[in-house]
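Biologist: Got a minute to walk me through this fold? I'd like to go from the sheet out to a few single residues.

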Amino acid sequence: MGDYESFQGRFLSLSGIDLTRYKEKQMRRRIEARIERLGYAGYEEYLIALENGPSQLAAFIDYITINVTEFFRTPEHWKTLSETILPKLTERFGKELRIWSAGCSTGEEPYSLAMALLSMSAPPDFKITATDIDERVLSLARTGEYAASKAESVPEALRTRFFTQTEHGYRIKDFVRERVEFRKADITRDAFPDRLHLIVCRNLLIYLTDDAKEKVFRGFRDSLLPGGCLFRGKAEQIVYYKNQGLSKPASGFYFKN
């Protein structure tokens, strides 16, 4: 199939994405499957195609960044967030919250956050910074437009309040969209926002190497204010969280002590 290590270096120069931060076995399997499916002879031939085809490169970046998301994914976690975590954060920090949604993909997660906050009996003033490595999905997220099959998974009361029905599906209303700022960023390379009250990063770190995962986790911890919360995915439990200066009020949630 060819030289994966050489592909990593040249792809980094081409895209700014460092594949060495991702688990090699998983990444190689995905890339080689794509090379074979598209009919290229190997890494070298495929890399030439990426270098000479912007649309091909954009499609490949979208493929390797694994953009799997949905509104209110894992509903029991969102119930805990709405009923326990958000009230605790407003009690601790008052009416202004700084929030980061890392690896936001096409925007369902940060918009779910915004809807949860706006549904509180006394909503705080908040701004959500939402970041992803893939500019294509960020462009989709900024439009706030979703197919009916996506939006109809949202409870009807929330869909009525926060969405407008369109010819092709639904669109997030402007007063929700204006609460979210989408930016391109790579959590394995770029500086993190700071003085945060809540970080949401779910089902992303499982794809990183152990070293990259630990570096990102330290960055998350340092970016949170004492008393702030990290919201992680169901399969991303922190085993020795007490040794990391964290407390765990519920599955998926960690407060910085």
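What follows is a short chat about the sheet, the helices around it and two residues.

Biologist: Let's start with the sheet: which are its edge strands?

Modeller: Keep in mind that this is a predicted model. The sheet is open, with 7 strands in mixed pairing, and the order is β6-β2-β1-β7-β8-β10-β9. From one strand to the next the twist averages 20°. The strands that pair on one side only are β6 (180-184) and β9 (246-250).

Biologist: And which residue is the bridge partner of W100 in β7?

Modeller: Strands β1 (residues 96-102) and β7 (residues 196-201) run parallel, paired over 3 bridges. In β7, W100 finds its bridge partner in I199.

Biologist: Helix α7 packs on the sheet, so what angle does its direction make with that of β6?

Modeller: Helix α7 covers residues 135-143 and touches β2 (125-132) as well as β6. Its direction relative to that of β6 comes out at about 165°.

Biologist: What about α11: at what angle does this helix run to β8?

Modeller: α11 lies across β1, β7, β8 (224-232), β9 and β10 (253-256). Its angle to β8 is about 135°.

Biologist: Is S223 buried or exposed?

Modeller: S223 sits in helix α11, which spans residues 210-223. Beyond its neighbours within four places in sequence, S223 touches F192, P193, D194, R195, L196 and I199. Its relative accessibility is 6%, and the cut-off for burial is under 20%, so S223 counts as buried.

Biologist: Now α5. Where does this helix bend?

Modeller: Its 19 residues (75-93) should span 27 Å at 1.5 Å a residue, and the end C-alpha atoms are 25 Å apart, which agrees. Still, there is a bend of about 45° in α5, and its place is L81.

Biologist: What covers the buried residues of α5?

Modeller: The buried residues in α5 are H77, W78, L81, I85, L86, L89 and T90. After the helix comes G94, with a positive phi near 90°. The cover over those buried residues includes β1, α6, β7, β8, β9 and β10.

Biologist: Last one: which side chain makes a polar contact with the side chain of T106?

Modeller: T106 is in the loop between β1 and α6 (108-118), and is buried with a relative accessible area of 14%. Leaving out neighbours within four places in sequence, T106 contacts T69, V137, L140, A141 and Y146. The polar contact, at 2.6 Å, is with the side chain of E108.

Notes. Residues numbered from 1 in each chain as written. Predicted model: local features only at pLDDT ≥ 70, side-chain atom pairs only at ≥ 80, totals over all residues. Heavy atoms only, no water. Helix = DSSP H or I, 4+ residues; strand = E, 2+ residues; numbered from the N terminus. Buried < 20%, exposed > 50% of the residue type's maximum accessible area, 1.4 Å probe, protein only. Contact = heavy atoms within 4.5 Å. Pairing = 2+ DSSP bridges. Axes fitted to C-alpha atoms, helices over the stretch in contact; angles between N-to-C directions. Polar contact = N/O pair within 3.5 Å; in protein donor to acceptor, adjacent residues only side chain to side chain. Expected span 1.5 Å × (residues − 1). Bend = angle between axes of the 7 residues up to and from the residue.
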